[in-house]
Amino acid sequence: MSHPDGVDLASLSVDELLTKRKGLRRKLAARENLQPIRIAVLSGSTTNEVVDLLELRLLDAGFAPTFHQSEYGRFYVDAVHDADTLVQFDPHLVYVHTSVRNIQRFAPMGCSEIEFEEHVKAEISFFQEIWTSLEEKIGCLVIQNNFEFPPYAILGNLDATIAGGHTRFVSALNLECAQRAASNSKLLVQDIWSISARIGLDQWFDFERWFSYKINTSLEGSHAIAISLTAIIRAMYGKTRKVLVLDLDNTLWGGVIGDDGVEKIQIGRETPVAEAYSAFQQYCLSLRNRGVLLAVCSKNNEEIAKLGFEHPDSILKLEHISCFKANWEPKHENIALIAKELNLGADSFVFVDDNPAEREIVRAQTDGIAVPEVGSDVAQYAKILETGRYFEQISLSQEDYERAALYDQNTRRTAFEGKFADYGEYLDSLSMTAEIGRFQPIYLERIAQLTNKTNQFNLTTRRYTLDEIESILTDPDAIGIYGRLRDRFGDNGLISVVLGRRTNDILDIELWLMSCRVLKRDMELAMLDTLVGYARGMGIAILHGHYRPTKKNAMVQDHYPKLGFEMVSQNPDGSAIYSLEVKGFAPRNTHIKIMEPANE
Amino acid sequence: MSSDDRLPEIQEIFRDVFDDPNLVIDRHSNAETVPDWDSLTHVNLITAIEKRYKVKFALGQLQQLHHVGDLLDLLDQKLASK
């Protein structure tokens, strides 16, 4: 559930976090069941900004942090010679935050290889002294960041290769840090070497802030440090994310498999878009290989959805998916099911979906789940996921590499009990407005196109040519209506078409289709209201709804009964006719505001 | 647009940074007259304003800010030369 205090850090930019920090902190600190944690920050620069941002992130992650900060530049003295205050503070964690500016002695220009090695050893010993002292005096975990490259490469490219180059010195020092951490389970390295590179050194350093306040990094740099620390601390306390829940259409492959068919989905090497989906699948598979479980949560027919994984170019195979949910129920309900079946809390899930409305409801209805704003450009999904640092671990075991294999998608299947009472509230929160009206010349092409490509929400799957659709405009016995739906995430465009023809006082509905992207929005109720309105105006007494089953439209077999139609007849092939009396019909839609078309 | 026209926006930023919805500032406000305006909050304020208006104050300019009025004038000058 999104928290009742309404604070959602994921939706705020770093600028907003900084500006509204005090108010956010006040609200977050009022949350219940926060886990206290004492963190000492020993630093070679001014760390208040990093600590401020870290505090917000940790509060949001369920911790109640208290901080002890060394005076600027006193990281060595406070750890080694003057540690009384630190010891009294009794930290759960010490973060030694130093930067390339705090390196004591670089190897001098023109030195020999041997001198270079000696300088690297001397420098790492300086830091080792800090870690050893902290181990002896406190004994808690220590996070030491490694070092970003220097702000300038005085020697240009040579800076990276010759013994006196600072760039080379930083590389050597960082390798030493890695080796020390590998042999010391109490020492964790925060990889600022990479973090700064991702941001870019020119954006990482901020000279005005260094000269004015002794802050080493830009605001963006401080924020990246805080995000990374939060991920490490979550991992220390076993709160790391474990499951990646994936949508299918336009998330794992391009296109809508139910409409386009498995042969038309975009995956493989044929087009740039297909390549991008393949790359994202490869990324997901890499996560699985390091112990992150993959689950599928998709609005789809299950059988059809599974065909996507049999596509010869699909990198992900069904066996990689630990839990598979493809149906037409709301996604947050399916996520609750996945949590049950995997026997894991949904607060260890990360959900990826290209559809902002789905992200919104899952975020609002699922306590603690991470729903990054991945957008709808597949080329960006992995990068945005990476930024969140959801799957951080402080160590990896053999079990992690094999975890995914331990889960079988058919195990631990249990019935879903609870339903959310407030789906209507969710619909209201979307602020939906529909434009529904008779066919108009400007829409004819789109309408004809929809009749030819919609397969799932399509009652008769009748295909029409543009001419046939155009003829409806002048046919006095036909009612053709279209629906456009807009919500607060944007315009979904023209997404529904209903077409009926009268014979005396009966209207036969020969076509009713809708795009699946607006499923479960009550759009069909709004279309029915309008259709009945027009029918009434023409003196029609009864609507006949026709259903013709195909391989792909099972999702609408109960469409007419759900709308209150009664079955008139059914054929052995499953096709059926339903009827509804116009007299006494009361409008059904309550969640969508209806707008009359402008130029009818 | 005169530099004072931005005062309401700047006041809004101050209110957020100080978490005080009733805070009122004018050209003469400074660290003496606004409670809690210490050196750390000053950094936050300057950074918040730089980000909000997408400007970057130079070192010399930062040192010459004594009152909110100085800040408004400097901001005006920065935005005019953008």
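Chain A of this predicted model is built from 23 helices and 17 strands. Picture a box drawn along the principal axes: the C-alpha atoms of chain A fill one of roughly 100 × 50 × 50 Å. Of the 600 residues in chain A, 53% count as buried. The chain also brings together parts that sit well apart in sequence: among contacts with a separation of 6 or more, 72% link residues 24 or more positions apart. As for the outside, chain A has an accessible surface of about 26,100 Å², and carbon and sulfur atoms own 50% of that.

Now for a look at one residue up close. Phe205(A) sits in the loop between helix 9 (201-204) and helix 10 of chain A. Being in a loop might suggest a spot on the surface, so is Phe205(A) buried or exposed? Phe205(A) counts as buried because its relative accessible area is 7%, and the cut-off for buried is under 20%. Setting aside neighbours within four places in sequence, the residues in contact with Phe205(A) include Val100(A) and Arg101(A), the run of Glu148(A), Phe149(A), Pro150(A) and Pro151(A), and also Asn216(A) and Ser218(A). Glu220(A) lies 15 residues along the chain from Phe205(A), and their C-alpha atoms are 9.7 Å apart.

Next comes the meeting of the two chains. Chain A puts 20 residues into the contact and chain B puts in 17. Together they bury about 1,600 Å², with 54% of this on carbon and sulfur atoms. On the chain A side, the residues that lose the most area to chain B are Thr19(A), Lys22(A) and Tyr213(A), which together make up 35% of what that side buries.

How many salt bridges are there between chain A and chain B? The count is 4. In one salt bridge, Arg26(A) pairs up with Asp19(B), and the closest N and O atoms are 2.6 Å apart. Polar contacts turn up here too, with 6 residue pairs across the interface of chain A and chain B, both partners at pLDDT 80 or more.

Which pieces of chain A do the touching? Helix 1 (14-19), helix 2 (21-29), helix 3 (48-60), helix 10 (207-213) and helix 11 (219-236) each supply at least two residues of the side that touches chain B. Helix 10 gives the most, with 5 residues. Sorted by class, this side of chain A holds 11 charged, 5 nonpolar and 4 polar residues.

Conventions: Residues are numbered from 1 along each chain as its sequence is written. Chains are lettered from A and ligands numbered from 1 in the order in which they are written. This is a predicted model: local features need pLDDT of at least 70, side-chain atom pairs count only at pLDDT 80 or more; totals for chains, interfaces and linings use all residues. Side-chain values use heavy atoms; hydrogens and water are left out. Contact means heavy atoms within 4.5 Å. Buried area is the accessible area (1.4 Å probe) that two parts lose on being put together, summed over both. A salt bridge is a side-chain nitrogen of Lys or Arg within 4 Å of a carboxyl oxygen of Asp or Glu. A polar contact is a pair of N or O atoms within 3.5 Å; within protein, one must be able to donate a hydrogen and the other to accept it, and residues adjacent in sequence count only if both atoms are side-chain atoms. Helices (H or I, at least four residues) and strands (E, at least two) are DSSP runs, numbered from the N terminus. Ala, Val, Leu, Ile, Met, Phe, Trp, Tyr, Cys and Pro count as nonpolar, Asp, Glu, Lys and Arg as charged, and the others, Gly among them, as polar. Buried means under 20% relative accessible area, exposed over 50%, partly exposed in between (1.4 Å probe, protein chains only). Accessible areas come from the Shrake-Rupley method with a 1.4 Å probe; for residues, only the protein chains shown count as cover.
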